[in-house]
Amino acid sequence: MIIRSVMTGVGSYLPQNVVSNAELSKRVDTTDEWITERTGIKQRHIAAEGQFTSHLAIEAGRAAMAMAGMTPDKLDMLIVATTTPDNTFPATAAKVQAAIGRPGIPAFDVQAVCSGWIYALATADNFIKAGQVKSALVIGAETLSRFLDWTDRSSCVLFGDGAGAVVLQAAQGQGTSADRGVLSTHLHSDGRYFDILQADGGVSTTQTTGLLRMKGKEVFRHAVVNLAETAREAVDANGVTFADVDWLVPHQANSRILDSTAEKLGISPDKVIITVDKHANTSAASIPLALNQGVKDGRIKPGQLLLMETMGGGFTWGSALVRF
Ligand code: COA
């Protein structure tokens, strides 16, 4: 018998303000046609003035806890994956913890850009497997719209705001791929590519947050290779094949990356949860947002095998195989 981290609740929150490509093209030199053809994105949610990453995270976290039927006193750990924290410090997780009403438990942020939520999931899973905590709330929350360069049409059209969350709870498993819960996580990074996708500022360098800068073609090139590799190691580690996967729940950056990765893996497009058309790229929030969508619309069912994969600034990339 081994300990598994079972996903017992999922939740999300998206800001009310939806900006379509057509609306965006009124203030950015772009067209709906270009954005749709190159990225599959049709719209994005943008946080309102005074609405912060913590606000989105709190709503998503509460929704996940409600689905799990979990009261705050049963929560042992809280992690927020974000690149767009409310403050430079303390962690956004501190504000979320106060709002959720569970003082005393460990609460911290994880920063691995678009891979942040998979990094946070791996962290929480390992604390649970080690027996140090019995439950964790793992949130991905972003207000990327706040540090986009709205004069750079090659990047600003790609991103959106939102939050997604998952409750993990310890349960006994047999140690096989038939167990419910997180079966394995796989994390990677390569800092040699630091400047291909970065904010051009920070506390220690410019004393500003900087703006998002991206060499899109190079990101694309690395993404298709790294995503396929990390997806493969997840199925190999568990002695299953891509044919056993019920749903691919990928990071939502670009529909062309999603399509070409699914094709490389031999996973049929109707087994891929896609939200990039409605949410754009919400960085650390995108996988839990997609997971929530699939669960709430009834496609993802308990017992099904989910493959999650991601790639982001750093570069960072990784995957998780989960039996829901
Ligand atoms: N609207 C209209 N035209 C645009 C545009 C926009 N929003 N953005 C760029 N263009 C133009 C460019 O100026 C260029 O014009 P030119 O040929 O006259 O110079 C042309 O479109 C092609 O630009 P290019 O950058 O070569 O396009 P691309 O095919 O590489 O597509 C991305 C750009 C960003 C969509 C693509 O590189 C991509 O998706 N990369 C991955 C990004 C990503 O997923 N990042 C997050 C990872 S977590």
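**Group meeting: loops, a ring pair and a helix contact**

Pro90 lies in the loop between β4 (78–81) and α4, and I would like to begin there, with the reminder that what we have in front of us is a predicted model. The peptide bond that leads from Phe89 into Pro90 is cis, with omega near -5°.

From that loop we can step into α4 itself, which covers residues 92–100 and packs with α3, residues 53–68, at an angle of about 50°, the two axes being 9 Å apart. Angles under 35 degrees would count as roughly parallel and 65 to 115 as roughly perpendicular, and α3 and α4 are therefore oblique to each other. Their crossing is right-handed. If you would like to find the contact on the screen, look on the α3 side for Thr53, Ser54, Ala57, Ile58, Arg62 and Met65, which meet Thr92, Lys95, Val96, Ala99 and Ile100 on the α4 side. Taken by character, the residues of this contact divide into six nonpolar, three polar and two charged.

Let me turn now to the aromatic rings. How many aromatic pairs does a search of the whole structure find? The search finds one, and the partners are Tyr193 and Phe315, whose rings are 5.1 Å apart from centre to centre, with 20° between the planes. Planes under 30 degrees apart count as stacked, so this pair is a stacked one. Tyr193 sits in the loop between β8 (181–189) and β9 (197–199), while Phe315 sits in the loop between β12 (305–312) and β13 (316–323), so the pair ties together parts that are 122 residues apart in sequence. The two partners differ in their exposure, for Tyr193 is partly exposed at 24% relative accessibility, whereas Phe315 is buried, with a relative accessible area of 1%. Phe315 deserves a second look, since the peptide bond from Gly314 to Phe315 is cis as well, with omega near -15°.

Two further loop residues can be set side by side, and I will take Val245 before Pro302. Val245 is found in the loop between α7 (216–237) and β11 (247–248), and at 1% relative accessibility this residue counts as buried. Which residues does Val245 contact, leaving aside its neighbours within four places in sequence? They are Val235, Lys271, Leu305 and Leu307. Leu321 is 76 residues from Val245 along the chain, yet their C-alpha atoms are separated by 8.9 Å.

Pro302, in the loop between α10 (286–296) and β12, is by contrast exposed, with a relative accessible area of 64%. Leaving aside neighbours within four places in sequence, Pro302 is in contact with Arg180 and Phe324. Leu289 is 13 residues from Pro302 in sequence, and the distance between the two, C-alpha to C-alpha, is 17 Å.

I will finish with the backbone at two residues other than glycine. Val113, in the loop between β5 (107–110) and α5 (116–129), has a positive phi of about 50° although it is not a glycine, and at 22% relative accessibility Val113 counts as partly exposed. Gln207, in the loop between β9 and β10 (212–214), likewise has a positive phi, here near 60°, and with 61% relative accessibility Gln207 counts as exposed.

Technical notes
Residues numbered from 1 in each chain as written. Predicted model: local features only at pLDDT ≥ 70, side-chain atom pairs only at ≥ 80, totals over all residues. Heavy atoms only, no water. Axes fitted to C-alpha atoms, helices over the stretch in contact; angles between N-to-C directions. Helix = DSSP H or I, 4+ residues; strand = E, 2+ residues; numbered from the N terminus. Parallel < 35°, antiparallel > 145°, perpendicular 65-115°, else oblique. Left-handed = near helix turned anticlockwise from the far one by under 90°. Contact = heavy atoms within 4.5 Å. Nonpolar A, V, L, I, M, F, W, Y, C, P; charged D, E, K, R; others polar. Phe/Tyr/Trp six-rings, centres within 6.5 Å; stacked < 30°, edge-to-face > 60°. Buried < 20%, exposed > 50% of the residue type's maximum accessible area, 1.4 Å probe, protein only.
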